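Please open the model in a viewer and keep the sequence panel at hand. The tour proceeds by selection, one site at a time.

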Amino acid sequence: TGRSDVVFGSVVSGRPAELPGVESMVGLFINTLPIRLRLDPTETVGELIERFQEEQAGLLPHHHLGLTQIQQLAGTGRLFDTLTVYENYPRLPSDDGTASEEELHRTVISGVDASHYPLTLVVMPGDKLRLRLDYQKAAFDEAEAQSLLDRLLHLLDAMTAELDTPVGRVQTLLPAERHQVLTGWNATDVDVPSATLPELFAAQVGRSPDATAVVFGD
């Protein structure tokens with residue numbers, strides 16, 4: 001985005017830990033909230049992650065607020081156009097792979113998701129962390145969406161490689177993109193005479209001795 005202050009949406013469970021029996025309540029309590037992240041280029045990656053976690057923990061008592069209420073408080077229109085979803089659903093199979101009497105028996109599970117936002121990043125935990133990027137075809141094509149996901153993976157690798165790296169020095173470009181910026185778009189080298197600056201100046205004076213060299217003020 002080119003901004004140091006960004007806002008994206010995040011889906012929360014809506015089940016406050018301090019509410020007795022909340023984990024056994026039946027119902028869809030999820031809510032969508034705007035998440036604000038302010039970037040300081042001098043802050044290290046580790047400091048950024050720690051600060052961001054503390055800020056999010058401070059928002060836990062406000063997870064029940066609806067987007068309409070938040071928009072009224074913020075006094076703005078659309079709050080964000082990208083969404084993150086962490087699908088941390090409980091999965092508790094018994095040791096032999098069969099469900100116990102206390103667990104919910106199931107035979108088929110299927111679901112269809114549709115994104116209300118141009119971009120939705122879905123994170124699914126498990127033996128390996130899985131990422132899925134949903135996108136609206138009116139806003140992105142497959143190549144653009146894949147490029148965004150590739151860049152995200154590259155950024156995660158760069159951030160986890162060294163937590164002491166200042167945020168402003170984290171490389172966000174893919175190797176091919178970096179080469180294009182530094183080389184492809186910067187192929188402006190030209191042949192210059194092998195001479196010192198005074199020698200070049202003297203040669204120019206010899207070519208045009210009556211030309212104005214410098215003008216300042218009047």
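The stops below move from salt bridges to an aromatic pair, surface patches and distances.

This is a predicted model, in which local features need pLDDT of at least 70, side-chain atom pairs count only at pLDDT 80 or more, and totals for chains, interfaces and linings use all residues. Residues are numbered from 1 along each chain as its sequence is written, and side-chain values use heavy atoms, with hydrogens and water left out.

**Stop 1: salt bridges**

Side chains of opposite charge can pair when their charged atoms come close. A salt bridge here is a side-chain nitrogen of Lys or Arg within 4 Å of a carboxyl oxygen of Asp or Glu. How many salt bridges does a search of the whole structure find? The search finds 5.

Select Arg51 together with Glu43 and Glu55. The side chain of Arg51 meets that of Glu43 in a salt bridge, at 3.0 Å from N to O. Arg51 also forms a salt bridge with Glu55, where the closest N and O atoms are 3.0 Å apart. Glu43, Arg51 and Glu55 are thus linked in a network of salt bridges.

Now display the secondary structure. Helices (H or I, at least four residues) and strands (E, at least two) are DSSP runs, numbered from the N terminus. Both Glu55 and Arg51 lie in helix H1, 4 residues apart, which is about one turn of the helix.

Next, colour these residues by accessibility. Buried means under 20% relative accessible area, exposed means over 50%, and partly exposed lies in between (1.4 Å probe, protein chains only). Glu43 is buried, because its relative accessible area is 12%. Glu55, with a relative accessible area of 25%, is partly exposed.

Then select Arg132 and Asp134. Their side chains meet in a salt bridge of 3.0 Å, N to O. Arg132 is partly exposed, as its relative accessible area is 27%.

**Stop 2: the aromatic pair**

Rings of Phe, Tyr and Trp (its six-membered ring) pair if their centres lie within 6.5 Å; planes under 30 degrees apart count as stacked, over 60 as edge-to-face and the rest as tilted. A search of the whole structure finds 1 aromatic pair. Select Phe80 and Tyr117 to see this tilted pair, with 5.3 Å from centre to centre and 35° between the planes. Phe80 lies in the loop between helix H2 (67–74) and strand S3 (82–86), and Tyr117 in the loop between S3 and strand S4 (119–124), so the pair ties together parts that are 37 residues apart in sequence.

Are these two residues buried or exposed? Phe80 is buried, with a relative accessible area of 6%. Tyr117 is buried as well, with a relative accessible area of 18%.

**Stop 3: surface patches**

Switch to a surface display. Patches are made of residues with over 30% relative accessible area and no salt bridge; like charges are joined within 9 Å, and nonpolar side chains (Val, Leu, Ile, Met, Phe, Trp, Tyr) within 5 Å. Accessible areas come from the Shrake-Rupley method with a 1.4 Å probe, and for residues only the protein chains shown count as cover.

Select Asp40, Glu47, Glu50, Glu54, Glu162 and Asp164, which gather in a patch of negative charge on the surface. Asp and Glu count as negative and Lys and Arg as positive, while His and the chain ends are not counted. The place of a charge is taken as NZ of Lys, CZ of Arg, CG of Asp or CD of Glu. Within this patch, Glu54 belongs to helix H1 (residues 45–58), and its 52% relative accessibility makes Glu54 exposed.

Move on to Leu19, Met25 and Phe29, which make a nonpolar surface patch of about 230 Å². Met25 is found in the loop between strand S1 (5–12) and strand S2 (31–38). At 33% relative accessibility, Met25 is partly exposed.

**Stop 4: distances to draw**

Draw a line between the C-alpha atoms of Leu39 and Asp5: these residues are 34 apart in sequence and 6.2 Å apart in space. Leu39 sits in the loop between S2 and H1 and is partly exposed, with a relative accessible area of 32%.

Finally, select Ala202 in helix H5 (residues 197–207). Ala202 counts as partly exposed at 48% relative accessibility. The C-alpha atoms of Ala202 and Pro34 are separated by 63 Å, with their positions 168 residues apart along the chain.
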